[in-house]
Amino acid sequence: MLPKSYIQEIIDTENNLKRYLGETPMYLKRHFISYAKNGGQPASIGPVFPILRELLDGAPAPMVYYYALNSVEEATRYFCHPKLRKQLFESAYALFSCEHHTINEVMQGNTFDIFQIHSCMTLFDGLCPNSIFAKVLRRFFNGEKEVETLHIIQGCILPTNTIWNRILLKLKDYFVSYDCIDKK
C-alpha cells in the first residue's frame, strides 16, 4: 500500500497535467502524427513536444506558454504519466519515421518549432537516455543536444525520495529495453 503522501502527490499531479489530457492537445498530437506520415500543414506542436517554460522568451503564441512545462520535476511527472508518455513516444517515433531528410523540411522552416523539438528531445533524453529521443537527436540534430535545455537539466537536482523518481527508475529500464527494437 502506498503512503498517503504518495497518493496525494499522484492526485495533485493528475490535476496539474490535465491541460495535456484535454481534447485540443489530443487532437493536435493525432494531427502531428498524421502530418508526419502523410505530409500537409503542421499544426501547433506545443502540446505535442512540450518544453520548459523558462526557455520561452519571445515565444510566438500564447498556446506555447500554456503547454510549457513549469520545471524539470513537472517534466518527470509528465513522463511518468502512462497516457502522456505513450503519446510522447508515438509522436517522437512519427517524427523519426518522417520521409523528410532534415528537420527544416519536416517543420517547413519554422525555426521556433525546430527549437521546440530540439529542446523537447534533449529534455526527455535526459529523463530516458538512449531511447527514441536520442535517435531523433542523432537523425535531425547530428546527436547534439539543445544547449540551454541541457544547462537547465544539469543544474537541476531532483529530490530522490519522491514516488516519481522511483517510477522513473523503473521506466528507464523498461524503455531502454523496449526501444532497442529499431522501428525504422
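Helices are DSSP runs (H or I, at least four residues) and strands are runs of E (at least two), numbered from the N terminus. Residues are numbered from 1 along each chain as its sequence is written, and side-chain values use heavy atoms, with hydrogens and water left out. The model is predicted: local features need pLDDT of at least 70, side-chain atom pairs count only at pLDDT 80 or more, and totals for chains, interfaces and linings use all residues.

Side chains of opposite charge can pair when their charged atoms come close. A salt bridge here is a side-chain nitrogen of Lys or Arg within 4 Å of a carboxyl oxygen of Asp or Glu. The structure holds four salt bridges, including these:

| Pair | Closest N to O distance |
|---|---|
| Arg19 and Glu74 | 3.0 Å |
| Glu73 and Arg77 | 3.0 Å |
| Lys86 and Glu90 | 2.8 Å |

Arg19 and Glu74 form a salt bridge that links distant parts of the chain, with the two positions 55 residues apart in numbering. Arg19 sits in the loop between α1 (4–16) and α2 (23–38), while Glu74 belongs to helix α4 (residues 72–80). Both Arg19 and Glu74 are buried (under 20% relative accessible area; exposed is over 50%, partly exposed in between, with a 1.4 Å probe and protein chains only).

Helix α4 also contains Glu73 and Arg77, four residues apart, about one turn of the helix. Glu73 is partly exposed at 28% relative accessible area, whereas Arg77 is buried at 16%.

Lys86 and Glu90 lie in helix α5 (residues 82–96), again four residues apart, about one turn. Lys86 is exposed, with a relative accessible area of 52%, and Glu90 is partly exposed at 34%.
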